[in-house]
Amino acid sequence: MSSVVRVWRPGRVVDPHSVIGGFRKGPGDPAYVFDAGSRTVWRATRTPDGPVTLRLRARAGEVEAEAWGPGAAWALDGVPELLGERDSWDGFEPLAEHRVLVDAARRFPDVRVPRSRAVFEAMAAAGIEQVVTGKEAFRAWRLLLREYGEPAPGPKPPDGRQLMVPPAPEEWRLIPSWQWLRAGVEGRRSRVVTTAATRAKALERTLELTDSAEIERRLRSLPGVGVWTAAEVRQRAHGDADAFSFADYHVSRNVSYALIGEELDDDGCAELIEPYRGHRFRVQRLIELAGIGHPRFGPRKSLPTHTPGATHRLR
C-alpha cells in the first residue's frame with residue numbers, strides 16, 4: 001500500500017512523543033508504538049474517512065508525517081493540531097515560589113497540548129480507565145483492541161507489532177458482555193463506552209465549540225461521565241490546556257507535592273493552582289514530564305482477581 005508524506009515546519013522544536021505520549025495506553029498498546037531510538041511515533045486511529053496509520057518523525061526543525069489508509073489526508077491535515085499548533089502559552093507564567101514548575105517550564109518550553117479531533121475514541125479509552133489502576137486499564141484496552149480492532153493499514157513498526165485501529169462506535173456496541181468481563185471491564189464502565197457509541201456524532205460535534213465549560217457540560221451529560229472522564233477527553237481530543245484531572249487518585253497529590261511539598265486533596269489543589277486557570281492541565285503535564293510525584297509507601301496495589309465494582313463518585 002502506498003503512503004502519503006508531508007513535512008511540517010513548525011518554527012519550533014517538536015518531539016511528537018513528548019506531545020502525544022499521553023495517548024499511549026501502556027507499552028503494549030496495539031494502537032501506539034514509540035521507537036525510542038529514532039524518536040518515531042506510530043499511531044493507528046480511526047478518522048471520518050476511515051482507518052489510518054500515521055508515522056511521525058522529528059528531524060532538525062521539521063516533522064515528517066507519513067500516512068497509510070483511507071484516512072491519510074484527514075490525518076495529515078491534522079498533524080499540526082495533533083502536535084499542539086493551536087495551543088499557546090500566552091498568559092502562563094510560573095510563580096517564582098513554584099520552583100519545580102519554573103524549572104519544568106524551562107526544560108520543556110516547546111511542549112504543547114495536543115488536539116486529536118477524535119472525541120469518541122478519547123471517550124472510549126477514558127471510560128475503560130475509570131476507577132481502576134493504569135495496569136488494569138491498559139490490559140483491557142489491549143485485549144479489546146486485539147479482539148475487536150481492525151488491522152491498521154500500511155507497514156508494521158520496527159518491532160514487528162501489528163498495529164490495530166480502535167473499533168468504530170457501532171463495533172464497540174456489539175461487544176458481548178462476557179468479553180467485556182473477560183477484559184476486566186465491569187458493566188458500569190462498559191456502559192459508558194457503549195452509551196457514548198450511540199452518541200458518537202454528537203460527541204464529535206463538540207469540536208465545533210469554543211467554550212470549554214460548554215464542552216465539559218455536553219460531555220458530562222452522558223451517563224457515567226464525570227469530571228475526570230470529561231477532562232481526559234478534553235485534554236486529548238479538544239486540546240484544552242485547562243482540563244486538569246480532578247478526581248484522579250494521584251494527580252492532585254502529585255501536583256501539590258511538587259509545588260509546595262505537601263499532598264493536598266482536589267479542593268486544596270484547586271485553590272493552589274487557581275492562579276494558573278486557563279493553563280491548569282499545562283501545569284499537570286509539565287510536572288508529569290519532570291517526573292515529580294508524591295512519595296508512595298508500601299507495596300504497589302495488586303490487580304484484583306474479580307471485576308472492579310462501581311463507585312459512588314463519577315469520574
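Where is the place of glycine 239? In this predicted model, glycine 239 falls in the loop that runs between helix H12 (227–238) and helix H13 (251–260). Setting aside neighbours within four places in sequence, the residues in contact with glycine 239 are Val113, Pro114, Arg115 and Arg234. Alanine 36 is another matter: 203 residues separate glycine 239 from alanine 36 in sequence, and their C-alpha atoms are 25 Å apart in space.

Next comes the sheet. Five strands make up an open sheet, paired antiparallel and lined up in the order E1-E5-E4-E3-E2. Strand E1 (4–8) and strand E2 (32–35) sit at the edges with a single partner strand each, so one side of each has no neighbour in the sheet. From one strand to the next, the twist averages 20 degrees. Looking at the E1 edge, strand E1 runs antiparallel to strand E5 (residues 62–68), and five bridges join the two. Tryptophan 8 has valine 63 of E5 standing opposite.

Then there are the charged side chains. Side chains of opposite charge can pair when their charged atoms come close. In this model the count of salt bridges comes to 27. One of them brings together the side chains of aspartate 77 and arginine 6, at 2.5 Å from N to O. This pair ties together distant parts of the chain, with aspartate 77 in helix H2 (residues 72–77) and arginine 6 in strand E1, 71 residues apart. Arginine 6 has a relative accessibility of 35%, so arginine 6 counts as partly exposed.

Glutamate 171 and arginine 46 form another salt bridge, and here the closest N and O atoms are 3.9 Å apart. Again distant parts of the chain are linked: glutamate 171 belongs to helix H7 (residues 169–173) and arginine 46 to strand E3 (residues 40–47), with the two positions 125 residues apart. Glutamate 171 is partly exposed, its relative accessible area being 31%.

Back at strand E5, glutamate 64 pairs with arginine 57 in a salt bridge whose closest N and O atoms lie 2.7 Å apart. Is each partner buried or exposed? Arginine 57 comes out as partly exposed, at 25% relative accessibility. Glutamate 64 has a relative accessible area of 13%, and since buried means under 20%, glutamate 64 is buried. The two also belong to a network of salt bridges that links Arg9, Arg57, Arg59, Glu62 and Glu64.

Key:
Residues are numbered from 1 along each chain as its sequence is written. This is a predicted model: local features need pLDDT of at least 70, side-chain atom pairs count only at pLDDT 80 or more; totals for chains, interfaces and linings use all residues. Side-chain values use heavy atoms; hydrogens and water are left out. Two strands pair if DSSP finds at least two bridges between them. Helices (H or I, at least four residues) and strands (E, at least two) are DSSP runs, numbered from the N terminus. Axes are lines fitted to C-alpha atoms, for helices over the stretch in contact, and angles run from 0 to 180 degrees between N-to-C directions. Contact means heavy atoms within 4.5 Å. A salt bridge is a side-chain nitrogen of Lys or Arg within 4 Å of a carboxyl oxygen of Asp or Glu. Buried means under 20% relative accessible area, exposed over 50%, partly exposed in between (1.4 Å probe, protein chains only).
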